[in-house]
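Biologist: Could you take me on a close look at the aromatic rings in this protein and the spaces around them? I would like one connected account that I can follow with the structure open beside me.

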Amino acid sequence: MRAALGILLCCCGALAGCERAKQDMYDQPRYKTFAGSTLFPDGATARMPPAGTQPRARGAFADSSGGRVGAAAVNTDIAAEQAQSNPYPVDLRLLERGRDRYMIYCLPCHSPVGDGDGMIVRRGFPAPPSFHQDRLRDAPDRHIYEVITQGYGVMLPYADRVEPADRWAIAAFIRALQLSQHAPADSLPAALKAQLEAQPGAAP
């Protein structure tokens, strides 16, 4: 009986030691992202990934799943980045997503209708070109995607804030804005065309 009790006590002590070791791993010294560090010559804790580094996974659960969750998102990003034209079906869902992202990231400068007269411009920021000029109406979708990604002129890159799929959604919404101002009357449904022709001042 005493031997069994001794073995039980030894097992309990071993388990407690394991738990302490596990807790030590949780509580190990670490730096916050933007804290200073004497370990590196530039004194910064945050490090840039080595050149050529490719993400394996991303998303809210990528870290906690060891990369098992989030790998598909990386593949989706790669496919979107390599596409030369919009790889997604232009449907209401895509346009609503594009409008949502446009209102957050683009509207302050480009305005709700895309004419470049946004509130930031009215306060002195250089005006971007109107989306309704021939040059941008004739530009390929990939051009819009690249400008969002790389920036252009005084516009900063948005690659760190707008996911590749959302850049294509914004491009689709910009096309919808352009069409809203330049849709050929002959392409309208008959009912809308009749309504347009009934407007005062409409061409006979």
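**The aromatic rings and their surroundings**

Modeller: Happy to! The protein chain has nine helices and zero strands, so read from the N terminus the elements simply run α-α-α-α-α-α-α-α-α. Please keep in mind that this is a predicted model. Of the 204 residues in the protein chain, buried ones make up 25%.

Now to the rings. The structure holds three aromatic pairs, and I will take you through two of them, beginning with Tyr-105 and Tyr-158. These two rings meet edge-to-face, with 6.0 Å from centre to centre and 75° between the planes. Tyr-105 belongs to helix α3 (residues 92-105), while Tyr-158 sits in the loop between α7 (141-150) and α8 (164-182), so this pair ties together parts that are 53 residues apart in sequence. Tyr-105 is partly exposed, at a relative accessible area of 23%; the limit for calling a residue buried is under 20%.

The other pair to look at is Tyr-145 with Trp-168. Here the rings are stacked, at 4.6 Å centre to centre and 25° between the planes. Tyr-145 is part of helix α7 and Trp-168 of helix α8, so the pair ties together parts that are 23 residues apart in sequence. Both partners are out of the solvent by the same measure: Tyr-145 is buried, and so is Trp-168.

Go back to Tyr-158 for a moment, since a charged side chain also visits that ring. Arg-161 lies over the face of Tyr-158, 4.4 Å from the ring centre. An arrangement of this kind can be found at another ring too: Arg-47 lies over the face of Phe-40, at 4.0 Å from the ring centre.

Next, the spaces. Tyr-105 and Tyr-158 also help to line the largest cavity, together with Cys-106, Ile-148, Met-155 and Ile-170. About 30 Å³ of space lies in this cavity, and the count of cavities of 30 Å³ or more comes to one. Its lining has six nonpolar residues, with no polar and no charged ones.

Met-155 links this cavity to the largest pocket, as a residue found in both linings. The largest pocket has a volume of about 590 Å³. There are 27 lining residues, and those that lie nearest its centre are His-110, Pro-128, Val-147, Tyr-152 and Met-155. The elements that give two or more residues to this lining are α3, α4 (107-110), α6 (134-138), α7 and α8. Helix α7 supplies the largest share, with four residues. By class, the lining of the largest pocket divides into 21 nonpolar, four polar and two charged residues.

For contrast, have a look at the second largest pocket. Its volume is about 230 Å³, and the residues that line it are Gln-54, Pro-55, Arg-58, Val-74, Asp-77, Ile-78 and Glu-81. This lining has three nonpolar, one polar and three charged residues.

Cys-106, which you met in the cavity lining, brings up a point a biochemist may well ask about. A search of the whole structure finds zero disulfides. The cysteine sulfur closest to that of Cys-106 belongs to Cys-109, and because the distance is 9.0 Å, it is too far for a bond; a disulfide would need the two sulfur atoms within 2.5 Å. Seen from the other side, the closest cysteine sulfur to Cys-109 is that of Cys-106, again at 9.0 Å. Cys-106 is buried, with a relative accessible area of 12%, whereas Cys-109 is partly exposed at 22%.

One last stop is a backbone feature, at Ser-111. This residue lies in the loop between α4 and α5 (119-122). Ser-111 has a positive phi of about 80° although it is not a glycine. Most residues other than glycine have a negative phi, so that is a spot to view with the backbone displayed. Ser-111 is buried as well, with a relative accessible area of 2%.

Notes
Residues are numbered from 1 along each chain as its sequence is written. This is a predicted model: local features need pLDDT of at least 70, side-chain atom pairs count only at pLDDT 80 or more; totals for chains, interfaces and linings use all residues. Side-chain values use heavy atoms; hydrogens and water are left out. Rings of Phe, Tyr and Trp (its six-membered ring) pair if their centres lie within 6.5 Å; planes under 30 degrees apart count as stacked, over 60 as edge-to-face and the rest as tilted. Buried means under 20% relative accessible area, exposed over 50%, partly exposed in between (1.4 Å probe, protein chains only). A charge sits over a ring if NZ of Lys or CZ of Arg is within 6 Å of the ring centre and within 35 degrees of the ring normal. On a 1 Å grid over the protein atoms alone, a cavity is a set of points where a 1.4 Å probe fits but cannot get out, and a pocket is an open set with protein on both sides within 12 Å along at least five of seven lines; lining residues have an atom within 4 Å of a point. Grid points are joined across faces, edges and corners, and a volume is the space filled by probe spheres set on the points. Ala, Val, Leu, Ile, Met, Phe, Trp, Tyr, Cys and Pro count as nonpolar, Asp, Glu, Lys and Arg as charged, and the others, Gly among them, as polar.
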